[in-house]
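Reader: Please take one part of this model and go through it closely. Tell me what is built there, what packs on it and what follows it in the chain.

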Amino acid sequence: MKTHVFSFLVLSLAALSLAGATVATRTDSAVSARYLVQGESMNDARERVASVGAVVERELGIVHAVAARLNPWQEQRLSAMSGVRVFADRTLSMRQSSGLLGGVTSTLTSTVSDAASATLVTANQVPLVSSVTTSVVSATSGNSVPQDGTGVNTPTLLYQTNYPMLVGANTLQQEGITGSGVTIAVLDSGLWQALSQNYGTRILGTVDMTTGGPSPVLGDPYGHGTHITSIAAGGAVNISGNYLGIAPQANLVIVRAFNGEGAGSYVDVIAGVEWIVAHQHQYNIRVLNLSFGATPESYYWNDPLNQAVMAAWKAGIVVVVAAGNSGPSPMTIDVPGNVPYVITAGALTDNYTPYNLSDDRLASFSSAGPTYEGFVKPELIAPGGHMVASMNSNSYLANIDPGSMNPTQEMFTMSGTSMAAAVTSGVVALMLQADPALTPDTVKCRLIASARPAVTSSGTLAYSVFEQGAGLINAVSAVNSNMAGCANQGLNISADIAGTEHFGGPANQNANGGYYVMNMAGSTWGGSQSADGYSWSTSFNSTEGYYWSAGYAWTQPYSWSQGYPWTNNYTWPLGYAWSKGYAWSKSVPWWGTSGSRNSGSAPASIVPWVPNQ
């Protein structure tokens, strides 16, 4: 099987422990490194940094922190201060697989970066379709088979992606629901504006956080951000008048936090989230797409990136996050997808048969829950297999995987939950155009309530809620839903951000290693809840496809989408306190548990490679 690029961007952050560290001196000549210093407030963090003679490089008020370069003595002094937390801001590197990158050299990287930036084009504001030509060729185009990944050699203007059809977005588009008036913020590697995508004046603002200070985005030398943006809100139209993207008239704000090789840092990403929240009302930013992730290294509430994401949700922005690509193993949901409030998207593949819905299946790379705090994730799944979308042929990704690039059409094929998140963000924009008054919690509730789970021939769930959540996203049903109050019940985001209360979910693990949703009410509190799909033995069928039913009747509707105060003295069946009651067979590599100051210094992967599915 040919290996393609799955550009699920991964971040990683490690907090450092003083245990076992060598004592540094004020005159230590070791090279300094950049850290994120968190205090009771941003001003407090600034004052603490100044007290050790260091200089603040960037303010991150959204998480009460600053970024600064510290030598070992300064880092040790700050780490020892009461009320201060110090996190290393690490540079990330790429994971290489299958020999695909063997021929990529630093020279090529430089050339690709320069070329992709230099070939930025201005978007054509007029769709490439006319009322005269549409009637002539609509029959021909309508009979063409929309096979993402296998149909890219059809004539450019006849090409049709199938993911809008798979989630029902094409039906809404025909009714005039196209995301118009709603702004999606894409925090990624930038944007290359292909003429065919018709972005034009829909791009309301851009900011590049990789340059050391806010500046406009001038392109996307890496390519991932371009691919993601065109799935969510590309305006490309084939000659029969069909859109290739999900929300083709949504407005966009582009925030770049990853460089020409796909590398980024916590500081740049958090700064990007802060900028988006600060400009929320100026640009009417209603949706934030985050197609990247990191391995959890703390409880969700202690991670600075998660804190920034929670602040965006609290501000009224619907945050959509990729689940990760470490599936099908359990407990592989990444940061910030492990934040209980946000919408975390897993991935489905249509098995290369776009008109045969009976063989669609969960992609084997799609990360599964639960989280380490017991929350069921992902909330839903969306198309993420062999996704065809816009890409500059001079980009880094196109050069390292030329077999997935169609240079004539400037289209590239990738698989991953990055793409599933982009589809979900586009659907959210459609929902918000139809009903601008929706809150983030209500958007999440309606997406869950309207999703279509995979079912077997006997009518039972084909996958557990830990794998598929509520099922495949359904744009038409989500827009028409009137559900409310079925998501984030029992949670308090204000208390969570303030640090006065944190929460756990209803999932646990049994003695045989399987996972289950607990019954959280009555005399059987903490026991297994007897409902279809609420338990999982961790087995996974990677080849069989299933029908995704819109008529499935949940036995215990969405009782897994809730949380409970972590600090409450609930009594578990075995007498454990709440925070000790989970029986996980694996543990988080908690920050500072190794006894080594450099325990988290190994490079982290940002581009896992998986076969297209």
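Author: What follows covers the whole chain briefly, then one sheet, then the loop after it.

The model is predicted, so local features need pLDDT of at least 70, side-chain atom pairs count only at pLDDT 80 or more, and totals for chains, interfaces and linings use all residues. Numbering starts from 1 along each chain as its sequence is written, and side-chain values use heavy atoms, with hydrogens and water left out.

First, the setting. The chain holds 16 helices and 27 strands (DSSP runs numbered from the N terminus: helices are H or I, at least four residues; strands are E, at least two). Of its 613 residues, 61% are buried (under 20% relative accessible area; exposed is over 50%, partly exposed in between; 1.4 Å probe, protein chains only). Take the contacts (heavy atoms within 4.5 Å) between residues at least 6 apart in sequence: 79% of them join residues at least 24 apart.

Now the sheet. It is open and has three strands, in the order β17-β19-β18. The pairing is antiparallel (strands pair if DSSP finds at least two bridges between them). Two strands form the edges: β17, residues 387–390, and β18, residues 405–406. Each of these pairs on one side only.

Look at β18 next. Two bridges join β18 to β19, residues 411–414, in the antiparallel sense. Across this pairing, Met-405 stands opposite Phe-412 of β19. A helix lies on the sheet too: α7, residues 224–233, packs there and touches both β17 and β19. The direction of α7 makes about 105 degrees with that of β17 (axes are lines fitted to C-alpha atoms, for helices over the stretch in contact; angles run from 0 to 180 degrees between N-to-C directions).

Then follow the chain out of β19. A loop runs between β19 and α12, residues 417–434, and Ser-415 sits in that loop. Is Ser-415 buried or exposed? Ser-415 counts as buried, because its relative accessibility is 0%. The side chain of Ser-415 also makes a polar contact, reaching the backbone nitrogen of His-386 at 2.8 Å (a pair of N or O atoms within 3.5 Å; within protein, one must be able to donate a hydrogen and the other to accept it, and residues adjacent in sequence count only if both atoms are side-chain atoms).

To sum up: β17 and β18 are the edge strands, α7 packs on the sheet, and Ser-415 contacts His-386 from the loop.
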